[in-house]
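Thank you for making time this morning. I would like to walk you through one structure, moving from its strands to its helices and then to its empty spaces, so please have a look at the picture before I go on.

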Amino acid sequence: MRIAYARVSTDKQELHRQLDALDKVGYDKLIQEKFTGTQKKRVGLDTLFNSVRFGDTVVIESISRLGRKTLDILSTVEELKEQGVEVVSLKENLDTSTPTGQAMFQMMAVIAQLERDLTVQRVNEGLTSAKARGVKLGRPTMDKQKVKDALRLYDSGQYSVKDIIRITGISQGSLYRKIKERESKKLLSNIKDKLKETES
């Protein structure tokens, strides 16, 4: 089955351009939503994951429809691939079922890692400069056990973020940051494993 997914960020924006492009290539089911791509947790995206089955193909007008952040996009594509679902992006001419599409996906992963490394480098340079000027830095150390407990509650799916914050005492920002760090590590690990398989 070919499942088309279309998204714009606000109610004021229209989906016409995306739908026209998707109509030209055809699909069996359409999922559309109007919600910002900065949030990975979206009703439309959840519907997409609940709809796909092994052997299906997700068709999008542009890879940016899956999210605003490169790591979020890569994570979404990787999760679909793990379910045996391919992704076709019309604008980028990307098809993960082909060797060329796989190579493009791996290049995106490398670029995302480069962006992350450069960001870390700039932050470290800034910290070094600040320390040299006598600026006191650092945030309070987060209790590792609290983080583990928060992630365990989050993974159970039985608690809301609000409940987890109340139970564990960590902040919402800290929880989301730890979840993002874990997703990024898992994604990069999966990509490295696939690269090793390709080389062998």
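Let me begin at a single pair of residues, where Ser89 stands opposite Leu94 in strand 5. I should say at once that this is a predicted model, and everything that follows is to be heard with that in mind. The strands that meet at this pair, strand 4 and strand 5, run antiparallel and are joined by two bridges. Their hairpin has four residues between the strands, and in it Asn93 takes a positive phi near 55°.

Stepping back to the whole protein, we have seven helices and five strands, and if you read along the sequence you meet them in the pattern β-α-β-α-β-α-β-β-α-α-α-α. The C-alpha trace, taken along its principal axes, spans about 60 × 40 × 40 Å.

How are the five strands ordered in the sheet? The order is 2-1-3-4-5, in a sheet that is open and whose pairing is mixed. At the edges we find strand 2, which covers 29-34, and strand 5, which covers 94-95, each of them pairing on one side only. As a general reminder, the strands of a sheet pair through backbone hydrogen bonds, and they may do so either parallel or antiparallel.

The parallel sense is what we see between strand 3, residues 57-60, and strand 4, residues 86-89, which pair over four bridges. Within that pairing, Thr57 stands opposite Glu86, while the bridge partner of Val58 in strand 4 is Val87. To get from strand 3 to strand 4 the chain passes through helix 3, and this β-α-β crossover is right-handed.

Which helices pack on the sheet? Helix 1, made of residues 16-25, does so by touching strand 1 (2-8), strand 2 and strand 3, and its direction makes about 170° with that of strand 1. Helix 2, residues 43-51, also packs on the sheet and touches strand 1, strand 2 and strand 3, with a direction that makes about 160° with that of strand 2.

Let me turn now to the empty spaces. The largest pocket has a volume of about 870 Å³, and its lining consists of 27 residues, with Lys40, Lys41, Tyr154, Ile179 and Glu183 lying nearest its centre. Helix 2, helix 3 (70-82), helix 5 (144-156) and helix 7 (172-199) each supply at least two residues of this lining, and helix 7 gives the most, with eight residues. Sorted by class, the lining of the largest pocket holds 13 charged, eight nonpolar and six polar residues.

Finally, what about enclosed space? The structure holds one cavity of 30 Å³ or more, and about 30 Å³ of space lies in the largest cavity. Its lining is made of Leu71, Asp72, Ser75, Lys180, Glu183 and Ser184, which divide into one nonpolar, two polar and three charged residues. Helix 3 and helix 7 each supply at least two residues of the lining of this cavity. You may recall Glu183, which lines the largest cavity and is also listed among the residues nearest the centre of the largest pocket.

That brings me to the end of the tour, and I am glad to go back to any part of it.

Key
Residues are numbered from 1 along each chain as its sequence is written. This is a predicted model: local features need pLDDT of at least 70, side-chain atom pairs count only at pLDDT 80 or more; totals for chains, interfaces and linings use all residues. Side-chain values use heavy atoms; hydrogens and water are left out. Two strands pair if DSSP finds at least two bridges between them. Contact means heavy atoms within 4.5 Å. Axes are lines fitted to C-alpha atoms, for helices over the stretch in contact, and angles run from 0 to 180 degrees between N-to-C directions. On a 1 Å grid over the protein atoms alone, a cavity is a set of points where a 1.4 Å probe fits but cannot get out, and a pocket is an open set with protein on both sides within 12 Å along at least five of seven lines; lining residues have an atom within 4 Å of a point. Grid points are joined across faces, edges and corners, and a volume is the space filled by probe spheres set on the points. Ala, Val, Leu, Ile, Met, Phe, Trp, Tyr, Cys and Pro count as nonpolar, Asp, Glu, Lys and Arg as charged, and the others, Gly among them, as polar. A crossover is right-handed if, with the strands pointing away from the viewer, the path from the first strand over the helix to the second runs clockwise.
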